[in-house]
Amino acid sequence: MPEHCINLGLIGWPLEHSMSPQIHQAALHKLGICGNYRLFAIEPNNIMDIAISDLFDHVVSGELTGLNITLPHKQNVLPFLSDLTPAAAHIGAVNTVFLEDGLLKGDNTDAAGFLNDLAHLPFVELTPALILGAGGAARAVLFSLLEAGHPVSIAARNPTKAQTLADSFNSIAKTPIQVLPLEDHALAQISNTIGLVVNATPLGMSPNIETCPWPETLPLPVNASIYDLVYNPADTLLVRRARQSGRPACSGLGMLVEQASLAFERWTGLAAPRETMKQAAQQASKLSMNTSL
Ligand code: NAP
């Protein structure tokens with residue numbers, strides 16, 4: 001048990017809707033640890049501002065135990081760090097900062113958080129996976145699926161961006177990463193071969209809850225499990241469509257809790273109270289849905 005207070009926080013912009021304070025404060029409370037989790041809103045163009053280096057100095061001095069980093073700063077903070085975990089180095093983005101042997105180190109717990117939570121879905125090991133979207137979250141998902149040995153395809157509205165993403169990961173892929181446009185005809189062609197679909201676009205996210213990344217006129221792949229990274233609402237249109245047609249499906253709330261749990265464990269060295277953190281996330285999600293209605 002840590003003898004002193006654990007001071008944590010999140011750097012990003014905007015941060016009003018972040019559920020991380022509720023999730024981490026619930027964990028601290030459950031374990032009886034004195035501590036807090038604060039929000040440090042830093043505007044996108046203020047990365048070189050003294051505020052950000054001050055925050056990292058506070059981690060080095062021990063005043064802060066650790067920091068989470070979210071959009072738009074996951075890549076911006078790289079120059080401030082002395083070392084990266086292999087996941088953060090491959091993905092090229094950091095969501096967790098901690099002190100190790102006196103050095104500031106960055107990790108990306110989104111990747112392992114996704115893979116750990118994916119284990120809750122029934123699907124065939126090493127099944128071909130299809131990622132929808134080619135942004136920051138898709139990078140972390142792609143890394144974890146390739147590390148786990150899956151053949152992966154990426155469908156994106158901007159196939160050039162998806163190809164750039166594929167090119168930067170082909171060296172760790174067992175089979176070449178296939179790229180296709182996020183359109184009916186292209187998805188229909190590979191649909192029968194897919195065992196796992198991962199939505200890494202914001203389609204379906206509040207307030208646009210009636211949007212869906214999978215075309216309305218095209219049935220979901222018949223043998224696929226569906227993982228939607230969107231966690232707000234907890235049951236997206238994609239997840240509801242999948243369940244209604246008998247496919248196993250889950251939203252990204254579990255990944256959100258798992259990436260937070262892995263960060264918490266890095267900072268404290270203690271097993272994260274996952275069930276408590278999950279309940280806090282569910283509660284925060286309900287509250288935020290009610291306030292956005
Ligand atoms: P991002 O970097 O902005 O990437 C979003 C991707 O979706 C881009 O490829 C973008 O295409 C595509 N996209 C956006 N709007 C689209 C549309 N209308 N039709 C088709 N494609 C569209 O965002 P991100 O950080 O990857 O996050 C994506 C989602 O994952 C968000 O909803 C986020 O909340 C969620 N997420 C969840 C977790 C979790 O723990 N569960 C973690 C990270 C992210 P362009 O490049 O062409 O714009």
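This report looks at a pocket, an aromatic pair and a sheet in a predicted model.

## The second largest pocket

The second largest pocket holds about 420 Å³ of space, and among the 17 residues that line it, those closest to its centre are Asp117, His120, Leu253, Gly254 and Lys278. Three elements each give two or more residues to this lining, namely helix H4 (109–118), helix H9 (253–268) and helix H10 (274–292).

Sorted by character, the lining of the second largest pocket is made up of 7 charged, 5 polar and 5 nonpolar residues. Because domain 1 (6–109 + 259–292) and domain 2 (122–247) both give residues to the lining, the second largest pocket lies between these two domains.

## An aromatic pair

The model has 2 aromatic pairs. In the pair formed by Phe114 and Tyr227, the ring centres are 5.2 Å apart and the planes stand at 85 degrees, an angle over 60, so the pair counts as edge-to-face. Since Phe114 belongs to helix H4 and Tyr227 to strand S11 (residues 225–228), the pair ties together parts that are 113 residues apart in sequence. Both Phe114 and Tyr227 are buried.

## The open sheet

An open sheet with mixed pairing is formed by 6 strands, which follow the order S2-S1-S3-S5-S6-S4. Strand S2 (35–41) and strand S4 (83–84) stand at the edges with a single partner strand each, and therefore one side of each is left without a neighbour in the sheet.

Strand S1 (residues 6–12) runs parallel to S2 and is joined to S2 by 7 bridges; within this pairing, Leu8 has Tyr37 in S2 as its bridge partner.

Notes:
Residues are numbered from 1 along each chain as its sequence is written. This is a predicted model: local features need pLDDT of at least 70, side-chain atom pairs count only at pLDDT 80 or more; totals for chains, interfaces and linings use all residues. Side-chain values use heavy atoms; hydrogens and water are left out. On a 1 Å grid over the protein atoms alone, a cavity is a set of points where a 1.4 Å probe fits but cannot get out, and a pocket is an open set with protein on both sides within 12 Å along at least five of seven lines; lining residues have an atom within 4 Å of a point. Grid points are joined across faces, edges and corners, and a volume is the space filled by probe spheres set on the points. Helices (H or I, at least four residues) and strands (E, at least two) are DSSP runs, numbered from the N terminus. Ala, Val, Leu, Ile, Met, Phe, Trp, Tyr, Cys and Pro count as nonpolar, Asp, Glu, Lys and Arg as charged, and the others, Gly among them, as polar. Domain bounds come from an automatic or database domain assignment. Rings of Phe, Tyr and Trp (its six-membered ring) pair if their centres lie within 6.5 Å; planes under 30 degrees apart count as stacked, over 60 as edge-to-face and the rest as tilted. Buried means under 20% relative accessible area, exposed over 50%, partly exposed in between (1.4 Å probe, protein chains only). Two strands pair if DSSP finds at least two bridges between them.
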